Amino acid sequence: DIDADSPTVLSKQVLLAAQSVGVAGNIISADNIPPSSLLAGYGEKVCLLLSSLADCLLSKRKYKFQPLIHKNDDNNNEIDDFPTDEQELIDEIEEENDDEINEDDNILTTSNDNNI
């Protein structure tokens, strides 16, 4: 009875069920995923268990992911504006930072002038 079992017992049962359906034993082990790590219902170990279960299911169904096909959309030119050269990207970031510093200097100068 699920309602009568403690959360720790339920966590152990979940791990045993995962092993019984073929989730790799080295992933589902007491050292790697202790039952207590599943009690909260979130976190790294819960994600590892769910990911392992999904991988196992996809593998058993022999699911193959199709490669992504990116369509060239003339309305979306943002990607074309992105710098491709590393130095070009660094220069653009430095220029933006310089602009922000200059704006901050103007604000400080204006506020100090008002206090005189």
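**Group meeting: a four-helix chain, from Cys56 outward**

I'll start at Cys56, which touches Val21, Gly22 and Val23, leaving out residues up to four places away in sequence. Contact here means heavy atoms within 4.5 Å. Before going further: this is a predicted model, in which local features need pLDDT of at least 70 and side-chain atom pairs count only at pLDDT 80 or more, while totals for chains, interfaces and linings use all residues. Residues are numbered from 1 along each chain as its sequence is written, and side-chain values use heavy atoms, with hydrogens and water left out.

Now the overall layout. The protein chain has 4 helices and 0 strands, in the order α-α-α-α along the sequence. Helices (H or I, at least four residues) and strands (E, at least two) are DSSP runs, numbered from the N terminus. Of the 116 residues, 11% count as buried. Buried means under 20% relative accessible area, exposed means over 50%, and partly exposed is in between, with a 1.4 Å probe and protein chains only. The chain exposes about 10000 Å², and carbon and sulfur atoms supply 52% of that. Those areas come from the Shrake-Rupley method with a 1.4 Å probe; for residues, only the protein chains shown count as cover. Among contacts with a separation of 6 or more, 39% are between residues 24 or more positions apart.

Back to Cys56. Which residues join Cys56 in the largest nonpolar core? They are Leu15, Ala18, Val23, Ile28, Ile33, Leu38, Val46 and Leu49, and with Cys56 the core has 9 residues in all. Helix 1 (7-20) and helix 2 (44-60) each supply at least two of its residues, and helix 2 gives the most, with 3. A nonpolar core is a set of buried Ala, Val, Leu, Ile, Met, Phe, Trp, Tyr and Cys residues joined through side-chain atoms within 4.5 Å. In soluble globular proteins, nonpolar side chains tend to be buried together.

Leu38 of that core also touches Ser11, whose other contacts beyond four places in sequence are Pro35 and Leu39. Ser11 lies in helix 1 and is buried, at 6% relative accessibility. Ahead of helix 1 is Asp5, partly exposed at 27%, in contact with Leu10 and Gln13 once residues up to four places away are set aside.

Val21, one of the contacts of Cys56, sits in the loop between helix 1 and helix 2. At 41% relative accessibility Val21 is partly exposed. With Leu50 and Leu53, Val21 forms a nonpolar surface patch of about 240 Å² accessible area together. Patches are made of residues with over 30% relative accessible area and no salt bridge (a side-chain nitrogen of Lys or Arg within 4 Å of a carboxyl oxygen of Asp or Glu). Like charges are joined within 9 Å, and nonpolar side chains (Val, Leu, Ile, Met, Phe, Trp, Tyr) within 5 Å.

Last, the loop between helix 2 and helix 3 (78-81), where Lys62 is placed. Lys62 is not a glycine, yet has a positive phi of about 55°. Most residues other than glycine have a negative phi. Lys62 is exposed, at 68%.

How many aromatic pairs are there in the whole structure? The search finds 1: Tyr63 and Phe65, edge-to-face, 5.0 Å centre to centre with 85° between the planes. Rings of Phe, Tyr and Trp (its six-membered ring) pair if their centres lie within 6.5 Å; planes under 30 degrees apart are stacked, over 60 edge-to-face, and the rest tilted. Tyr63 is partly exposed at 47%, and Phe65 is exposed at 64%.
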